[in-house]
Amino acid sequence: MEEAPKQGLILQILRRIDHGLAVLEKQLLAWAIILMAVNTLGNVVARVGFNSSLFFSEELNQFLIVLITFVGTSAAARQGRHIRMSAFTDMLPVEHRRWALATIQAITAVVLALLAWYATTYILRTQAMGRVTPALQFPMWITLLWIPLGLAIATLQFWLTALVNMRTPGSVHVAPGIREHDEIDMPTI
């Protein structure tokens, strides 16, 4: 009888962590896009008004694009909004489609985990070399941390979705809490 409360407590903790990660993703994405817009606008004003670009503008936008790409990858996986090629799986009966998607999601999770591993080793080598960015002289490895972080969270989301598909007969999930034909609202901040 004591197993149920522990399992319930563990699920509550995991849901809170997942909710915290979702909030963090949304905030990071929103602020990165705002900062990119302000930075770009400031650079245009500097070029037109003062005939000189901001020396750090392009570099900052590159960092923000990396952040948006990889944090956005994990957010898309969490919401089931990633690109799917489903022409063949859509023709399958529900149970076969569910297992096919679970297999695809598990393979995707393995590939993303490998990419996260390689990104982490690259960042460690970059840190060991002491590389800094050209304009801002900021440690290069810090600007790349979003890559393994986003890939690792996306890995977790794909694993969870694969597990949900394996354990939930009768419905196909594209994300842990989102079935295949659910209406998906755009995320809010």
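How much space lies in the largest cavity? About 60 Å³. The legends below start from that cavity and then move to other sites of this predicted model.

**View 1. The largest cavity and its lining.**
A search of the whole structure finds one cavity of 30 Å³ or more. Its space comes to about 60 Å³. The lining from the N-terminal part of the chain includes Leu21, Leu24, Glu25 and Leu28. Val71 and Ser74 also line the cavity, as do Leu149, Gly150 and Ile153. Three helices, α1, α2 and α5, each supply at least two lining residues. Helix α1 has the largest share, with four residues. By class, the lining divides into six nonpolar, two polar and one charged. Glu25, one of the lining residues, is buried and returns in View 3.

**View 2. The salt bridge between Asp18 and Arg78.**
Side chains of opposite charge can pair when their charged atoms come close. Arg78 and Asp18 form such a salt bridge, with 2.1 Å between the closest N and O atoms. Arg78 sits in helix α2 (residues 57-79) and Asp18 in helix α1, so the pair ties together parts that are 60 residues apart in sequence. The two partners differ in cover. Arg78 is buried, at a relative accessible area of 10%. Asp18 is partly exposed, at 28%. The cut-off explains the labels: buried means under 20% relative accessible area.

**View 3. A second partner for Arg78.**
Glu25 also meets Arg78 in a salt bridge, at 2.9 Å from N to O. Glu25 belongs to helix α1 and Arg78 to helix α2, so this pair ties together parts that are 53 residues apart in sequence. Both Glu25 and Arg78 are buried.

**View 4. The salt bridge between Arg97 and Glu180.**
A search of the whole structure finds four salt bridges. One of them joins Arg97 to Glu180, with the closest N and O atoms 2.9 Å apart. The pair links distant parts of the chain, 83 residues apart. Arg97 is in helix α3, and Glu180 is in the segment after β2 (178-179). Arg97 and Glu180 are both buried. Elsewhere, salt bridges that share partners join Asp18, Glu25 and Arg78 into one network.

**View 5. The largest pocket.**
Rolling a probe the size of a water molecule over the atoms shows where empty space is left. The largest pocket has a volume of about 680 Å³. It is lined by 18 residues. Nearest its centre lie Leu11, Leu14, Leu160, Val164 and Pro176. Helices α1 (3-50) and α5 (146-167) each supply at least two residues of this lining. Seven residues, the largest share, come from α1. The class count is 10 nonpolar, four polar and four charged residues.

**View 6. A nonpolar surface patch.**
Which residues make the nonpolar surface patch of about 540 Å²? They are Leu9, Ile10, Leu11, Ile13, Leu14 and Ile17. Leu11 lies in helix α1 and is partly exposed, with a relative accessible area of 36%. Leu11 is also among the residues nearest the centre of the largest pocket, and so is Leu14. Ile13 has its place in helix α1 too. Its relative accessible area is 44%, so Ile13 is partly exposed. The C-alpha atoms of Ile13 and His96 are separated by 32 Å, and the two residues are 83 apart along the chain.

**View 7. The second largest pocket.**
What is the volume of space in the second largest pocket? About 180 Å³. One run of its lining comprises His82, Ile83, Arg84, Met85 and Ser86. Thr89, Leu101, Ile104, Gln105, Thr108 and Phe158 are also in the lining. Helix α3 (residues 94-129) gives the most, with four residues. By class, there are five nonpolar, five polar and one charged residues.

Definitions and conventions:
Residues are numbered from 1 along each chain as its sequence is written. This is a predicted model: local features need pLDDT of at least 70, side-chain atom pairs count only at pLDDT 80 or more; totals for chains, interfaces and linings use all residues. Side-chain values use heavy atoms; hydrogens and water are left out. On a 1 Å grid over the protein atoms alone, a cavity is a set of points where a 1.4 Å probe fits but cannot get out, and a pocket is an open set with protein on both sides within 12 Å along at least five of seven lines; lining residues have an atom within 4 Å of a point. Grid points are joined across faces, edges and corners, and a volume is the space filled by probe spheres set on the points. Ala, Val, Leu, Ile, Met, Phe, Trp, Tyr, Cys and Pro count as nonpolar, Asp, Glu, Lys and Arg as charged, and the others, Gly among them, as polar. Patches are made of residues with over 30% relative accessible area and no salt bridge: like charges are joined within 9 Å, nonpolar side chains (Val, Leu, Ile, Met, Phe, Trp, Tyr) within 5 Å. Accessible areas come from the Shrake-Rupley method with a 1.4 Å probe; for residues, only the protein chains shown count as cover. A salt bridge is a side-chain nitrogen of Lys or Arg within 4 Å of a carboxyl oxygen of Asp or Glu. Buried means under 20% relative accessible area, exposed over 50%, partly exposed in between (1.4 Å probe, protein chains only).
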